[in-house]
Amino acid sequence: MAPMLEAAPAAADPMRPAVWVVRARRRETADTVSLTVAPAEGGVPAVAPGQFNMLWAFGVGEAALSIGGATAAGVLHTVRAVGATSERLTRLRRGEALGVRGPFGSAWPLGLAEGRDVVVMAGGLGLAPLRGAVRALLRRRRRVGRLVVLVGARTPEDVPYGKELARWAARGDLQVQVTVDRAGRAWTGPVGLVTALLDRVAFEARGALALVCGPEVMMRASARALVDRGVGPERVFLSMERNMKCGVASCGHCQLAGSFVCREGPVYRYDRVRPLLDVREL
């Protein structure tokens with residue numbers, strides 16, 4: 001299952017973790033933290049939006065985390081505390097060390113955005129691997145058509161990167177819509193599925209590029225809605241999440257039918273994985 005995506009930076013020594021240091025830490029939600037990390041020695045390596053790193057919490061374990069962007073200060077990762085390793089990573093403070101292997105995997109095909117409208121659809125923390133893609137598209141804004149960012153979350157408190165979403169919306173040169181499943185009285189935005197937001201934005205579906213990440217049920221529904229709207233399935237790209245352990249397609253944990261997500265993915269063309277998304281418990 002060759003994904004036919006853009007070439008992305010590869011890890012110099014994929015099995016040996018390097019010592020990195022937390023340069024900055026910011027709380028996103030009650031259980032989610034963003035970390036900016038950089039090598040203890042040397043410069044920040046080249047990474048591409050859509051790739052992931054393996055982060056090692058010393059004495060606890062290793063977890064695959066998507067890359068949310070990179071600057072001269074370091075590489076951005078957002079982690080939610082859902083287990084022992086991720087919980088320990090969320091407790092890292094500025095100046096503390098961790099192990100990092102990577103980058104691994106395929107990148108978002110941003111080269112295809114040239115002259116096209118682009119629709120970004122995220123479910124919850126699925127915005128994390130898409131954040132770097134949006135930032136890259138904004139840096140080349142004049143070379144891209146209409147840019148649409150649609151985000152769905154469980155509650156207003158679960159919306160990630162709220163301040164950055166507000167800055168994007170205030171720019172005036174992209175459309176940003178956020179919906180939630182459950183809202184209190186203070187919420188004035190839409191309530192419902194992220195797919196319903198497609199009716200609230202304008203873009204030329206024919207020729208458009210779509211980037212989607214979130215829970216598989218959300219991606220399945222979003223990809224179908226985009227294709228129904230007129231976006232070609234070969235221009236809809238999904239970031240598939242699996243239990244990645246080694247990062248180099250040796251352990252088999254992330255096998256998806258005949259593909260290894262850590263190597264061929266995590267970014268796949270929808271027309272190549274559409275049959276797999278319809279298989280229960282794959």
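How many aromatic pairs does the structure hold? In this predicted model, the count comes to two. A pair of aromatic rings is described by the distance of the centres and the angle of the planes, and that is how both are set out here.

Take Phe52 and Phe104 to begin with. Their ring centres sit 5.7 Å apart and the planes meet at 40°, so this pair goes down as tilted; an angle over 60 degrees would have been needed for edge-to-face. The two rings come from distant parts of the chain, with Phe52 in strand E3 (residues 52-57) and Phe104 in strand E7, 52 residues apart. Both partners are tucked away from solvent: Phe52 is buried at a relative accessible area of 3%, and Phe104 is buried too, at 5%.

The other pair joins Trp56 and Phe58, and here the arrangement is edge-to-face, with 5.0 Å from centre to centre and 80° between the planes. Neither of these rings is buried. Trp56 has 34% relative accessibility and so counts as partly exposed, and Phe58, at 39%, falls in the partly exposed class as well.

Next come the pockets. Rolling a probe the size of a water molecule over the atoms shows where empty space is left. The largest pocket takes up about 1200 Å³. Its lining runs to 47 residues, and those nearest the centre are Arg80, Leu125, Gly126, Gly214 and Glu241. Several elements give two or more residues to this lining: strands E4 (61-66), E6 (74-80) and E9 (147-153), along with helices H1 (84-90), H2 (127-139) and H4 (216-229). Sorted by class, the lining of the largest pocket has 22 nonpolar, 16 polar and nine charged residues.

The second largest pocket holds about 260 Å³ of space. It is lined by 16 residues, with Ala11, Ala12, Asp13, Ala18 and Gly102 closest to the centre. Strands E1 (18-29) and E7 (97-104) are the elements that put two or more residues into this lining, and E7 has the largest share, at four residues. The lining of the second largest pocket breaks down into 12 nonpolar residues, three charged and one polar.

Strand E7 turns up again in the backbone geometry. Gly102, one of the residues closest to the centre of the second largest pocket, is joined to Pro103 by a cis peptide bond with omega near 5°, and Pro103 lies in E7. Another cis peptide bond links Gly265 to Pro266, with omega at about 5°. Pro266, for its part, sits in the loop between helix H5 (261-264) and E15.

Positive phi values are also found outside glycine. Tyr161 has phi near 55° and belongs to the loop between E9 and helix H3 (162-171). Its relative accessibility is just 3%, so Tyr161 counts as buried. Ala249 likewise has a positive phi, about 60°, without being a glycine; this residue is in the loop between E12 and E13. Ala249 is buried, at a relative accessible area of 15%, because the class takes in values under 20%.

Helix H6 (residues 270-277) has a buried set made up of Tyr270, Val273, Leu276 and Leu277. How are these placed around the helix axis? Looking down the axis of H6, the buried residues fall within an arc of 115°, so they line one face of the helix. They pack against H4, strand E12 (236-239), strand E13 (255-256) and strand E15 (267-269). Of these partners, H4 is also among the elements giving two or more residues to the lining of the largest pocket.

One last site is Pro190, in the loop between strand E10 (175-180) and strand E11 (209-213). Pro190 is buried, with a relative accessible area of 16%. Leaving aside residues up to four places away in sequence, Pro190 touches Gln177, Val178, Thr179, Val180, Leu197 and Arg200. As for Val267, it stands 77 residues from Pro190 in sequence and 29 Å from it in space, C-alpha to C-alpha.

Terms used: Residues are numbered from 1 along each chain as its sequence is written. This is a predicted model: local features need pLDDT of at least 70, side-chain atom pairs count only at pLDDT 80 or more; totals for chains, interfaces and linings use all residues. Side-chain values use heavy atoms; hydrogens and water are left out. On a 1 Å grid over the protein atoms alone, a cavity is a set of points where a 1.4 Å probe fits but cannot get out, and a pocket is an open set with protein on both sides within 12 Å along at least five of seven lines; lining residues have an atom within 4 Å of a point. Grid points are joined across faces, edges and corners, and a volume is the space filled by probe spheres set on the points. Ala, Val, Leu, Ile, Met, Phe, Trp, Tyr, Cys and Pro count as nonpolar, Asp, Glu, Lys and Arg as charged, and the others, Gly among them, as polar. Buried means under 20% relative accessible area, exposed over 50%, partly exposed in between (1.4 Å probe, protein chains only). The arc is that of the directions from the helix axis to the C-beta atoms. Contact means heavy atoms within 4.5 Å. Rings of Phe, Tyr and Trp (its six-membered ring) pair if their centres lie within 6.5 Å; planes under 30 degrees apart count as stacked, over 60 as edge-to-face and the rest as tilted.
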